[in-house]
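Hi everyone, thanks for making time this morning. I'd like to walk you through one model, starting with the whole chain and then moving to a few places in it.

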Amino acid sequence: MINDIDIWLERLTSLYRSQIRHAANNEGIQPVHVEILQYLSICNRYSNTAQALSEYLGQTKGSISQSLKLLEKDGYIERNQCPDDKRVTRLYLTPKAKASVKRIANSLMPNLGEAKEASDALKSLLMEWQLKNSHQGFGQCQSCRFNRSLPNGKFQCGLTGEPLTKVEVKQICREHEFHSQS
Ligand code: SF4
């Protein structure tokens, strides 16, 4: 049976999809390209690959590959071989794409400022949903169970052992896992 949360979620997602279509139209690109540019603007250095994009957007690798070819041809993305693992190709936004993402962000949502209450409520909903469906991954680094706050005020990823900057702990990571009891 449909409950209130289902109804609000349906309204929010359908409004969001409609705004994405509108933004894509303004930018002269396809809606899925808007989603790709948005993802690449918020993901961290472990998550900027075609494979991660395919998982995040729930699209086939073939369809993501076609979109990436178009975005690269039109000057929105660059691909670089990962210096630590030559088998991995990483995706980066060009200045043209960053300008586009900024315009899109300004047009998508009303200015809610920090809106901490709304943000906390959405985070709890996502957490509950992911835990219930054993569908981890793609959360904000600062809420990950592997994120360690160090005494010197810095952060470290407990999975890789690498340091994390303040900017990186706000980004989305493919390896993210919530604390199961939080
Ligand atoms: S702490 Fe978690 S979210 Fe952050 S980089 Fe490591 S695995 Fe990813």
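I'll go from the overall fold to the domains, then to one helix and the loop after it, and finish at the ligand.

Please keep in mind throughout that this is a predicted model. Let's begin with the fold. The protein chain contains six helices and seven strands. If you follow it along the sequence, the order reads α-α-α-α-β-β-α-α-β-β-β-β-β. The radius of gyration is 17 Å, and the globule rule gives 16 Å for 182 residues, so the protein chain is as compact as a globular protein of that length. Along the principal axes, its C-alpha atoms fill a box of roughly 50 × 45 × 30 Å.

How much of the protein chain counts as buried? The figure is 18% of the 182 residues. As for the contacts, take those between residues at least 6 apart in sequence: 54% of them join residues at least 24 apart.

Now the domains. The assignment divides the protein chain into domain 1, residues 4-108, and domain 2, residues 116-173. Their centres, taken over C-alpha atoms, are separated by 20 Å. Where the two meet, six residues from domain 1 and six residues from domain 2 take part in the contact. On the domain 1 side of that contact, four residues are nonpolar, two are polar and none is charged.

While we're on domain 1, here are two residues from helix H1, which covers residues 4-27. One of them is Asp6 in H1. Asp6 has 10 other C-beta atoms within 10 Å, so it is exposed. What I'd like you to look at is its distance to Leu125: the two are 119 residues apart along the chain, and their C-alpha atoms are separated by 11 Å. The other is Tyr16, also found in H1. Tyr16 counts as exposed too, because it has 12 C-beta neighbours inside 10 Å, and the cut-off for exposed is 12 or fewer. From Tyr16 to Val32 the C-alpha distance is 13 Å, with their positions 16 residues apart in sequence.

Let's move on to helix H6, residues 116-132. H6 has 17 residues and spans 24 Å from its first C-alpha to its last, close to the 24 Å expected at 1.5 Å a residue. Is this helix buried, or does it lie in the open? Of its 17 residues, the number buried is zero, so H6 lies largely in the open.

One residue to pick out in H6 is Gln130. Gln130 is partly exposed, with 17 other C-beta atoms within 10 Å. Leaving aside residues up to four places away in sequence, Gln130 touches His135, Gln136 and Phe178. Leu150, by contrast, is 20 residues from Gln130 along the chain, with their C-alpha atoms 27 Å apart.

What comes after H6? The helix is followed by Ser134, which has a positive phi, near 45°. There is also Phe138, in the loop between H6 and strand E3, residues 139-140. Phi of Phe138 is positive as well, near 60°, and this is a residue other than glycine. Phe138 counts as partly exposed, with 18 C-beta neighbours inside 10 Å.

Step into strand E3 and you reach Gly139. Gly139 is buried, because 20 other C-beta atoms lie within 10 Å, and 20 or more is what buried requires. Which residues does Gly139 touch, not counting those up to four places away in sequence? They are Cys144, Ile172, Cys173, His176 and Phe178. You may remember Phe178 from a moment ago, where it was among the residues touching Gln130. Gly139 can also be placed relative to Cys43: the two are 96 residues apart along the chain, and their C-alpha atoms are 9.4 Å apart.

That brings us to the ligand. The residues surrounding it are Asn44, Tyr46, Cys141, Cys144, Phe146, Asn147, Cys157, Leu159, Cys173, Glu175 and His176. By class, that shell has seven nonpolar, three polar and one charged residues. Some names here are familiar: Cys144, Cys173 and His176 are in this shell, and Gly139 touches each of those three.

To recap, we have a chain with six helices and seven strands, split into two domains, and a ligand whose shell includes Cys141, Cys144, Cys157 and Cys173. Thanks for listening, and I'm happy to go back to any part of it on the screen.

Technical notes: Residues numbered from 1 in each chain as written. Predicted model: local features only at pLDDT ≥ 70, side-chain atom pairs only at ≥ 80, totals over all residues. Near = placed C-beta within 6 Å. Nonpolar A, V, L, I, M, F, W, Y, C, P; charged D, E, K, R; others polar. Helix = DSSP H or I, 4+ residues; strand = E, 2+ residues; numbered from the N terminus. Expected span 1.5 Å × (residues − 1). Rg over C-alpha atoms; globule rule 2.2 N^0.38 Å. Contact = placed C-beta atoms within 7 Å. Domains from an automatic or database assignment.
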